[in-house]
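Trainee: I should like to examine this structure step by step. May we begin once the sequence and the model are in view?

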Amino acid sequence: MRRLAGLALALALTAPIATLAWGQPVDDLQREDALIQTIGWRLSHANARFCPRTAPGIGLLLGDAQTYQDPAAARAAYGLSGDIAVAAVSADGPAARAGLETNRVITAVAGTPVGPAPRQGSWDRVWRLQAALEQTAATTGSVALTLADGRTVTVAGAPSCAVRFLLDDGQGDAQATRAQIRVGRETLARLGGDEPMIAALLAHELAHAALDHETWLASAPRTTQRVRRTEREADRLSVWILANAGYDPQAAVRMIGQLEPRRLFGIAEPSHGSARARAGEMATEIAVLRAQPDADWATRFRREP
Ligand SMILES: [Zn+2]
């Protein structure tokens, strides 16, 4: 269950709601949500030409006050007249360009009302709405969102790798399935708000998703050696993904150093390799990348044998 977080919260709870600026994240949790959505969008939009699974995306994450420990306090802190609202928009994404802002209350997605509140703490409603939003954008190329003031904003999707990025305040590590990347707040905190290093972490996870390591690992016993192979591939591909999105690939080497000596991504050392070995492999891959005419990893990236 989500908890309100950060210094701005104390201010928000004591200030009249009218003084809250529309579109501005209110607390640390919303700021970190926005950061993850913004970086995730940059990576997945810039690499859409190379990802094997793509869909028009709009760069918007919905939130539900009912997922908070205290829904009434969440509505008050964020200035919401209803439970379902924009939790985060990607700074450069289609939803932001269409004028959608953080904490705008949403009453219908693609013409369907948001529906009654689930039991408190349940994510069922917001995931159903988020999936409806993403599926509508993917199948029709755009999605209409109805706001509490009665306006309807239609957002046209832009090419994106078909992956959802999420900040998880209940879990420390980062992990990826083929369709979803979760980053724990604790891991994010250890990167100290450094955008290129956070991008490197997300690029590593996007590589796992793009290469569908989830399916490959499930196809045979999950040995240390097989996990290590997927980690090596994700490390190497991450530098290509970063380069396409305009980030310095060296950020991946710095990121590995920053997260050491604690164990990275929740799996013990032997499967992920030492930070020194990983940094060396990534430095080698950066040299490979720089020798290419472009960063088209769909054709130029060499998979692990
Ligand atoms: Zn990994």
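The exchange below treats the domains, a sheet, a strand pair and a helix of this predicted model.

Trainee: How far apart do the C-alpha centres of domain 1 and domain 2 lie?

Mentor: The protein chain is divided into domain 1, residues 7-160, and domain 2, residues 164-300. Between the C-alpha centres of these two domains, the distance is 26 Å.

Trainee: How do the residues on the side of domain 1 that touches domain 2 divide into nonpolar, polar and charged?

Mentor: The contact involves 16 residues of domain 1 and 19 residues of domain 2. On the side belonging to domain 1, the division is 9 nonpolar, 4 polar and 3 charged.

Trainee: Which are the edge strands of the open sheet formed by E9, E11 and E10?

Mentor: The order of the 3 strands is E9-E11-E10, with mixed pairing. An edge strand here pairs on one side only, which applies to E9 (164-168) and E10 (174-176). Neighbouring strands are turned by 15 degrees against each other on average, direction ignored. The edge strands are thus named as E9 and E10.

Trainee: Which residue in E11 is the bridge partner of Phe 165?

Mentor: E9 pairs with E11, residues 180-184, in the parallel sense, over 5 bridges. For Phe 165, the bridge partner in E11 is Ile 181.

Trainee: Which helix lies across E9, E10 and E11?

Mentor: Two helices may be considered. Helix H2, residues 28-46, lies across E9 and E11 and runs at about 155 degrees to E9. The helix that lies across E9, E10 and E11, at about 150 degrees to E11, comprises residues 195-210 and is H7.

Trainee: Which residue in E3 is the bridge partner of Leu 61?

Mentor: Strand E3, residues 84-89, is largely enclosed by the rest of the structure, because 6 of its 6 residues are buried. Strand E2, residues 60-64, pairs with E3 in the antiparallel sense over 5 bridges. The partner of Leu 61 in E3 is Ala 88.

Trainee: Within what arc do the buried residues of H3 fall, seen down its axis?

Mentor: In helix H3, residues 71-78, the buried residues are Ala 74, Arg 75, Ala 77 and Tyr 78. They line one face of the helix, because seen down the axis of H3 they fall within an arc of 165 degrees.

Trainee: Which residue follows H3, and what is the sign of its phi?

Mentor: The phi of the residue that follows H3 is near 70 degrees, hence positive in sign. That residue is Gly 79.

Technical notes: Residues are numbered from 1 along each chain as its sequence is written. This is a predicted model: local features need pLDDT of at least 70, side-chain atom pairs count only at pLDDT 80 or more; totals for chains, interfaces and linings use all residues. A residue is buried if 20 or more other C-beta atoms lie within 10 Å of its own, exposed if 12 or fewer, and partly exposed in between; C-beta atoms are placed from the backbone. Helices (H or I, at least four residues) and strands (E, at least two) are DSSP runs, numbered from the N terminus. The arc is that of the directions from the helix axis to the C-beta atoms. Domain bounds come from an automatic or database domain assignment. Two residues are in contact if their C-beta atoms, placed from the backbone, lie within 7 Å. Ala, Val, Leu, Ile, Met, Phe, Trp, Tyr, Cys and Pro count as nonpolar, Asp, Glu, Lys and Arg as charged, and the others, Gly among them, as polar. Two strands pair if DSSP finds at least two bridges between them. Axes are lines fitted to C-alpha atoms, for helices over the stretch in contact, and angles run from 0 to 180 degrees between N-to-C directions.
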